[in-house]
Amino acid sequence: MIKTRNMTMAVLLAAIPALLVAAPKPAPSKTPPPKSAASPMPAAPDRSFMHAEVILDRLGFSPGIIDGRPGLSFTAALKGFQTSRGLPVTGEPDAATLHALSANRSWRPTVAIKLTPEILAGPFVGTIPHDEDAQAKLPSLGYKDPMEKLAEMFHTSPATLTALNSPDTKLAPGAVITVPGVVAANKNYDAKLPDHWRATLATLNVDASQPQAAKVVVSKHDKVLRAYDAGGKLVGQFMVTTGSTHDPLPIGTWKIYGADYNPKFHFNPKLFWDAKKSEKSAMLPPGPNGPVGVVWLDLSKEHYGIHGTPNPELIGRTASHGCVRLANWDAARLALMIKPGTPAIFTE
């Protein structure tokens, strides 16, 4: 299936040469990659798919982790974009869709950035213990290391960053690396927002210019959250994880009461069916690797919310405890699009 779609993309791109023109590839590392079976060089991302992912991401139709490969999240993002533009909803990068995307072809699939002390700043916490009591003793549930921070910053994965560069690339001030082209154009966030939240938005490359959502609709079947403006136009879509057999998505119409930025998390084992009898309540510190990620959008349904995640690669592929879970960068973006009182409609 992947081979067929790649061939289709190649044919369509030949017909629309203005879109996704390959940018110069970064120069290969002077030091050859180590010949180690334990750390093979990841396969290079397909630049055509990555270009489409970057454009979709920047337009608000999130493909999830940007990795230059087709898949569930990429198909869902295409469907959302196609719906918003009044195109046939195929979920495929067909000619009409690529033509519409080509309006933003100046957004390159990758860009080169010079690492700075600020970009590489921690604190980093290393491997996070699984036990909540141990997590509660940490100063924060921050990123494990600079690579994990960079991956979230550019809406990708450590493996993709390695493939775009080299296993030998050193993450140090002054080093130039290649990353997906999702650098936010506008970081002039509302001055009324807390300083720590504006810093988080900047780290996650969330653009300050976002459309206002009059309502959000979560589809359990499609595994997406759709944001609509006051005129009923689809202005954003994000892949989500929604509930489980034990904790199903609460179908109905709710309201978003407000946002808790970089929240602490009160772990109450009584609310988790899979908690061990020996586990006790614990207040977990804030951080992107906390159970609810960087933001909690509180719902009128008690104990339920829309929130981030420490595992963006699992969005849409695993279960939750009933809440709606998004990648941190998508949850942060959604937080800029809503206001207290925004309806949240959960459907089958």
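Biologist: Which elements are included in what covers the buried residues of helix H6?

Modeller: This is a predicted model, in which local features need pLDDT of at least 70 and side-chain atom pairs count only at pLDDT 80 or more, while totals for chains, interfaces and linings use all residues. Residues are numbered from 1 along each chain as its sequence is written, and side-chain values use heavy atoms, with hydrogens and water left out. Helices (H or I, at least four residues) and strands (E, at least two) are DSSP runs numbered from the N terminus. The cover of the buried residues of H6 includes helix H7 (158-164), strand S2 (176-180), helix H8 (195-203) and helix H9 (328-337).

Biologist: How many of the 8 residues of H6 are buried?

Modeller: Buried means under 20% relative accessible area, exposed over 50%, and partly exposed in between (1.4 Å probe, protein chains only). The buried residues of H6 are Glu148, Lys149, Leu150, Ala151, Glu152 and Met153. Helix H6, which spans residues 146-153, is thus described as mostly covered, and the count of its buried residues is 6.

Biologist: Which residue caps the N-terminal end of H6?

Modeller: At the other side, H6 is followed by His155, whose phi is positive, near 55°. At the N-terminal end, a side-chain oxygen lies 3.2 Å from the backbone nitrogen of Met147, and that oxygen belongs to Asp145.

Biologist: Which helix gives the most to the largest nonpolar core?

Modeller: A nonpolar core is a set of buried Ala, Val, Leu, Ile, Met, Phe, Trp, Tyr and Cys residues joined through side-chain atoms within 4.5 Å. The largest one has 46 residues, and those with the most contacts inside it are Val216, Leu225, Ile306, Val324 and Leu334. With 6 residues, the helix that gives the most to this core is H9.

Biologist: How many residues has the other core, which lies apart from it?

Modeller: In soluble globular proteins, nonpolar side chains tend to be buried together. Among the members of this other core are Ile66, Ile113, Leu164 and Val182, and its size is 16 residues.

Biologist: Is Ser84 buried or exposed?

Modeller: Ser84 has its place in helix H3 (residues 72-84). Leaving aside its neighbours within four places in sequence, Ser84 is in contact (heavy atoms within 4.5 Å) with Phe61, Lys233 and Leu234. Because its relative accessible area is 11%, Ser84 is buried.

Biologist: What is the relative accessible area of Ala121?

Modeller: Ala121 is found in the loop between strand S1 (110-114) and helix H5 (132-136). Ala121 is partly exposed, because its relative accessible area is 33%.

Notes: A polar contact is a pair of N or O atoms within 3.5 Å; within protein, one must be able to donate a hydrogen and the other to accept it, and residues adjacent in sequence count only if both atoms are side-chain atoms.
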